[in-house]
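Work through the following exercises with the sequence and the model side by side, and try each task before reading its solution.

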Amino acid sequence: MVRATPTGVGDTVIVGAIVRRSADPSEVARGEYRVVMHLDQLQTLIGYGDRVDRFGVATRDSAATVRATALINDAAFGFAAHRSSDIAVETSQTFLVVSRFHRAIGVITIVASAVFLLCIMLLKVDERRRDVAALRLMGISSATVLKSIVLEATLVAAVGSVLGVGIGAATSALVNAHYRGVYRTPLAFSIITPDVVAFAVVLSLVLGVAAGFFAARRLTRVHPLVLFGR
Amino acid sequence: MTDAPLVLRARDLRRDYPMGESPVHALQGISLDVAPLEYVAIVGPSGCGKSTLLNLLGAIDRPTAGTVHIQGKPVEQLSDREATRFRLLHIGFVFQRFYLMPALSAAENVELPMAEAGVAKAARRARARELLDYVGLAPRAAHRPTQLSGGEQQRVAIARALANRPALLLCDEPTGELDAHTGAEMIALFQRLNADGTTIVVVTHDEQLAAAAGRVVHMKDGRIVSDTPRG
Amino acid sequence: MILTLARASLSRRRTRTALAVVGVAVSAALLLDMVMLSSGMRESFRSLLEVRGFALRLAPKGTLPFDTEATIDSADAIMAQLRANPDIVTVSPVLGGQLHVQLAGGSVAAVAIGIDPAVQGDYEPRAGRDIRDADDIVVSDALLAATGAHVGDTLRVAGGYDAQLRTVTRERRLAIVGTAHFIYTPANPKVLAMRLHTLRAMTAAQRDPVSLFMLRLRPGADADSVEQWVSRAIPRVTAISTAAALRQVDERLSYFRQLAFILGSVSLAVGLLLVTTLVTVSVNERLGEIAVMRAIGVSTRSIIAQVMVEGVVIMLAGSVLGLGLGLVTAHYLNGILAEFPGLPAAIDFFLFEPRDAWVSLGLLAVSGVLAGIYPAWRGASLPIAVTLREEAVA
């Protein structure tokens, strides 16, 4: 048992380990020293008596969790049982804020990328205005020209999507490796799920094809001789 | 012909282009003198080296061998920067396809070489107006090239070529893109220019343009086959 | 003439130019936001710390102010010690706690701050008057709204709450004498401020504790030497200067600085890529024109200058547009991050300073110059005769 008095010297304790943690992302605005010790010793040290702040309960499965929660709450007086998943939601306000921030940045980046993509597609298709003019003068229909440019844009977007997924996966792994080391936590900072991949691929395909379509339509609506600059 | 020093003196010009195993000899030892106030037409079949010769005479290209002196200055030895400056101040170019800057007005096209030469804005504007008036295009000074006919564009190109009062006007197929009527107008303009003191060398297929010149040089297969003064 | 040519070239392809300007604007907006983010938190926090002129804060040993529930005991003796130091002009003690306002249908939990109204630095009075008597309180607007009370009303406030028995203890009637803006609390706080001794009595505090001392120094006093004196004279406390607090903030929010740097670099790179592509395509379309210009005697340097001017004009136009866009998005993003739990509401993550705009503009202008150099040099270096022939054939 560890004894200590506020203004005197107490017992000598053996420090088991000192761990220095850098700022933890779950405690962005707070920081404190932590001591982990035997329950009964802490209870005695702080005069808590026979009290604890909470119990952690492990169950066999999720059905057992539901039954146990109901059972405890029926019999409880002065305390309540909560599912860990519910508490996680309640206490992860910090993560929610960061997550919303990331989402906002993501949306802005997507909008920016869409503008860039349209710009560059317009430029690259515009570069070939004379080729397009020559084809149309030869008798190739506007529709055929449009389809060929859109097909090209689709292929580029498809290859780009695949490459992008690869780059994203590699970057995600790098981010996790880095921040896990910095914050010494098993938390994942970036998770790539199938729906995230699907969303990214579909979005880039749609944007790429749309950009190619608009760029091509600009050219095919203009008379070939005007494209030649006459 | 005058006794004044030659405007142009080319000796033994050769220009080879590497093409596979054996090079193509575009020019095979061309020598040519042009005196002040001469109007020389260089004629010959396609591929005989006329345009290649013009590029060498105008310091746009470098000969494989031989020398080119313009107003006594050996231009084949000039660095790229020096040659550019030399062209700006001493040589005027007129191209078959006009090559006006489509984003500039007629007047601005004429001002362009003067601006590069550092001429003050007021002075170059006045000179541009004067030159456009000379070629009959004063009312069209504010028009863009796309708003001008082929003949009008070529007139603007001629005005531009004269902007810095060059010693020599070099023209590459100036009537090549023009119809017969407009071509005839151009021929008349060239004669007026020459009469007013411009030394002109023209490369052309156009027989009428060649006929208007004071001297005709025939080329074939990279060589001069005849050099005949007219009249 | 260079400017004329550049202007004419840009206005020839209006849609393309407009789209490029929009693209650069988006890039510029994001860059501006990231520049603001990288320094905003720190500067905002600094302003917050310095707002009432308190240069040093003393917290329980090893903690930051209000980071934990730890307190500094025997505070009255420590205050006397501090006041004896000639460099210390004002000592403001602060005690934090939680109280429960009793209403007809239940209770409202509120953060309580015990202060000395003569020297307090935690709130700025808004309506009514400041605290005078032992039972006076000033409250936040959010607490008024939550309790349905008004200035002049009396509240039943309890200091103790037994969660098991659901009973309150140490209830006291307190009079709302005014409302105030509480400087260091998170957004929409339910806060009330009272005399220090009143809060101690209500929380049955033993050994006259405080959570924090704030010290105002005399003009010219060195905060570092006072900090060191405190460390020696009062080893039970940690003295934190504004600089030390800022360092802590920097460390805790380093993630956002890193994010700002990465996103800022990426947006700059993308903006540069966009303008480079535009200029390259523009030059490629005009190889014939460029060759003619060189043929008639326009120098390579003039041609490069003209092309670079195009790049710079797009960058500058986009930057001006991006400035407005960036301020709007910064406001939106700031609103998201302001909801960080535990962070004072007065902290801005995105703080606009004119310096930030100049930095962004400078970076973009340099990018605009760089974007034009290579394509322009390439275009102007092609052999004239060959280019003329190829362009004629084309």
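**Exercise 1.** Determine which strands of chain B helix α1 lies across, and at what angle to β1(B) the helix runs.

*Solution.* Helix α1 (residues 50–57) of chain B lies across β1, β2 and β4 of chain B, and its direction makes about 125° with β1(B). Helices (H or I, at least four residues) and strands (E, at least two) are DSSP runs numbered from the N terminus, while axes are lines fitted to C-alpha atoms, for helices over the stretch in contact, with angles from 0 to 180 degrees between N-to-C directions. Contact requires C-beta atoms, placed from the backbone, within 7 Å. The model is predicted: local features need pLDDT of at least 70 and side-chain atom pairs pLDDT 80 or more, whereas totals for chains, interfaces and linings use all residues. Residues are numbered from 1 along each chain as its sequence is written, and chains are lettered from A and ligands numbered from 1 in the order in which they are written.

**Exercise 2.** Establish the strand order of the sheet in chain B, and explain why one side of β2 and of β5 lacks a neighbour.

*Solution.* Start with the order, which is β2-β1-β4-β5 in an open, antiparallel sheet of four strands; strands pair if DSSP finds at least two bridges between them. Because β2 (24–34) and β5 (73–74) of chain B stand at the edges with a single partner strand each, one side of each has no neighbour in the sheet. Next, β1 (residues 8–17) and β4 (residues 65–70) of chain B pair over five bridges, and B:Arg9 has B:His69 in β4(B) as its bridge partner.

**Exercise 3.** Find how many residues of chain B are in contact with chain C.

*Solution.* On chain B 23 residues take part, against 19 residues of chain C. The elements giving two or more residues to this side of chain B are α2 (80–90) and α3 (106–116).

Key: Two residues are in contact if their C-beta atoms, placed from the backbone, lie within 7 Å.
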